[in-house]
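Please look through the structure below before reading on. The paragraphs that follow deal with its spaces and with two pairs of packed helices.

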Amino acid sequence: MITTKPRLACVDPPRLLAGLDEVYRLDRVGHLTVHGTMPALRADELVALAENIDLRGRGGAGFPFAKKVQAVVESAGRREGRCTVVVNGSEGEPSCLKDTALLLHTPHLVIDGAVLAAEALGAEEVAIAVHRQDVEESVAAAIAERGPSGVPVGVSRTPDRFVAGEGGAVINGISGAPAIPNGRKIRTSDSGLSGLPTLLSNTETFAQLAVAARMGALPYRSVGLPTEPGTTLLTVGGKYVMETPTGVPLTYVLELCGLTPGQAILVGGYHGKWLDPKSINAATISRESMKKYGARLGAGAVLPLPENTCPLGETARIARWLAAETAGQCGPCFIGLPALADAIGQVERGGGQSSIDNVRAYVNSVKKRGACSHPDGTAGFVTTALDAFPEEFEAHALGAGCGRPTMGVLPLPEDALPLALPPAPLNPAARDERRQRGPTEKLLVDWSLCQGHGLCADILPPEVLTLGIDGYPSSATMEVPRQLRAQAVRAVRRCPALALRIEE
């Protein structure tokens with residue numbers, strides 16, 4: 001378990017962290033003294049408020065909150081109005097502590113936002129998912145302080161896993177099922193907790209909603225950028241939780257935390273991107289600014305890499321941990337990611353130029369093939385490291401090394417164990433090119449079912465289906481020419497795992 005306590009800081013004026021300069025935790029009385037009482041909103045007023053302040057999910061994807069609410073309203077209308085609200089506080093990435101900080105220090109603000117949404121929607125309950133014991137205790141105490149009136153609110157402790165924070169995994173965890181992502185994309189607004197339409201969003205999102213509902217749209221927009229109003233929470237260096245208005249220079253955030261950019265900064269966490277010194281000096285805390293450099297704030301992690309540590313060694317540590325965090329439900333993840341981590345280890349041990357080539361090969365082998373986004377995100381993390389530190393990778397591959405030890409500065413759980421599994425054998429028959437013959441249908445792979453039997457490759461020619469270096473289909477979607485449809489149907493029927501299907 002991660003037991004790190006977040007250290008709080010802010011650029012005035014504080015909103016989410018207001019009052020915490022005087023007390024460690026705002027109980028119910030302290031919370032009402034600082035923030036005041038909550039108004040009540042109808043569903044249409046909730047949507048209008050979220051649209052006016054451009055409220056977006058703060059868990060990583062940045063999806064517009066108003067669209068989520070509207071989708072739940074429409075789905076609930078087809079289900080006799082029944083729906084639920086879920087707060088995703090399952091902060092499974094060690095580089096993120098902002099949700100932990102909110103739920104430890106000001107839990108009533110989060111509950112206020114969730115209850116506000118639940119009452120506007122007529123929801124049956126509010127469920128809060130967390131993974132730390134101290135956070136669970138803080139939320140449970142806040143629920144008890146509020147008494148039994150209003151929408152029922154409960155807290156559930158889900159597994160402390162990286163993939164357990166994905167929306168479907170959160171719903172599964174609260175329901176008592178394995179907290180892993182669903183193999184197929186299921187919108188929680190259609191079917192979430194208890195099979196009901198569910199408004200699921202991040203902890204900070206609901207806290208921002210509670211602040212905006214009290215202030216009103218115009219005062220809320222008085223801080224931050226006109227195009228991205230308000231404040232945001234960042235976890236800086238894996239230990240500082242900072243509230244800052246949007247538009248503040250990235251270098252200023254580091255300065256307030258007593259940190260320097262170092263060799264580079266990883267923005268967006270372990271599925272994020274490294275920014276070089278030039279980009280760091282120009283970047284501001286905003287979606288638009290990060291987009292210019294191919295990055296995004298994601299869940300708000302900002303990780304500077306000090307000058308005294310080895311970039312390759314740090315990359316290898318995180319890649320091994322990410323590989324161990326696999327949900328274990330698709331081959332590209334539970335075979336491909338350990339193989340990718342081991343390939344990085346071969347570079348670290350002086351495996352020559354071919355070892356770097358192998359890393360790139362394994363990156364390509366897992367992209368766009370998983371049952372969830374974990375393989376893609378991990379491949380992206382390794383790719384951005386290759387791009388940011390090419391000289392260090394080459395120096396290690398050729399045996400000289402970069403001359404720096406691996407200090408372990410990128411946060412990992414205290415009980416994280418190293419993982420180094422042997423790589424899957426390369427398949428010389430794999431081909432990158434396909435011939436196009438007027439396809440009319442597509443053959444799809446369900447990664448949550450595929451077990452890598454490879455029987456489909458015995459039936460279909462390489463222009464339709466090839467196996468990747470891990471022995472699984474090299475693509476999730478394959479175009480089927482009309483003249484090969486009969487063979488595609490045979491492949492679907494022959495698959496012992498029922499992992500293939502044909503769609504127009």
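Which residues lie nearest the centre of the largest cavity? The model shown here is predicted, and in it C450, H453, G454, C456 and C495 take that place. They belong to a lining of 17 residues. Sorted by class, this lining has 12 nonpolar and five polar residues, and no charged ones. The volume of the largest cavity is about 110 Å³. The structure holds two cavities of 30 Å³ or more.

The next space is a pocket. The second largest pocket contains about 440 Å³ of space. Its lining is made up of 29 residues, and those nearest the centre are R56, G62, E228, R287 and L297. Two elements each give two or more residues to this lining: strand β6, residues 231-236, and helix α12, residues 287-292. In the lining of the second largest pocket, 10 residues are nonpolar, nine are polar and 10 are charged.

The helices come next. Two packed helices are described by the angle between their axes and by the distance between those axes.

Take helix α4 (residues 98-105) and helix α6 (residues 133-146) as one pair. The angle between them is about 40°, and their axes lie 8 Å apart. An angle of that kind makes α4 oblique to α6. The two helices cross in a left-handed way. On the α4 side, the residues that meet the partner are T100, L103 and L104. On the α6 side they are D134, V135, S138 and V139. By class, the contact of α4 with α6 consists of four nonpolar residues, two polar residues and one charged residue.

The other pair is helix α16, which covers residues 353-366, and helix α17, which covers residues 374-388. How are these helices set against each other, roughly parallel or roughly antiparallel? They pack at an angle of about 150°, with 9 Å between their axes. Angles over 145 degrees count as roughly antiparallel, and therefore α16 and α17 are roughly antiparallel to each other. The crossing of α16 with α17 is left-handed. From α16, the contact draws on I356, V359, R360, V363 and V366. From α17, it draws on P375, D376, A379, V382, T383 and L386. The residues of this contact divide into eight nonpolar, one polar and two charged.

Definitions and conventions: Residues numbered from 1 in each chain as written. Predicted model: local features only at pLDDT ≥ 70, side-chain atom pairs only at ≥ 80, totals over all residues. Heavy atoms only, no water. 1 Å grid on protein atoms, 1.4 Å probe; cavity = no way out; pocket = protein on both sides within 12 Å on 5 of 7 lines; lining within 4 Å. Points joined across faces, edges and corners; volume = space filled by probe spheres on them. Helix = DSSP H or I, 4+ residues; strand = E, 2+ residues; numbered from the N terminus. Nonpolar A, V, L, I, M, F, W, Y, C, P; charged D, E, K, R; others polar. Axes fitted to C-alpha atoms, helices over the stretch in contact; angles between N-to-C directions. Parallel < 35°, antiparallel > 145°, perpendicular 65-115°, else oblique. Left-handed = near helix turned anticlockwise from the far one by under 90°. Contact = heavy atoms within 4.5 Å.
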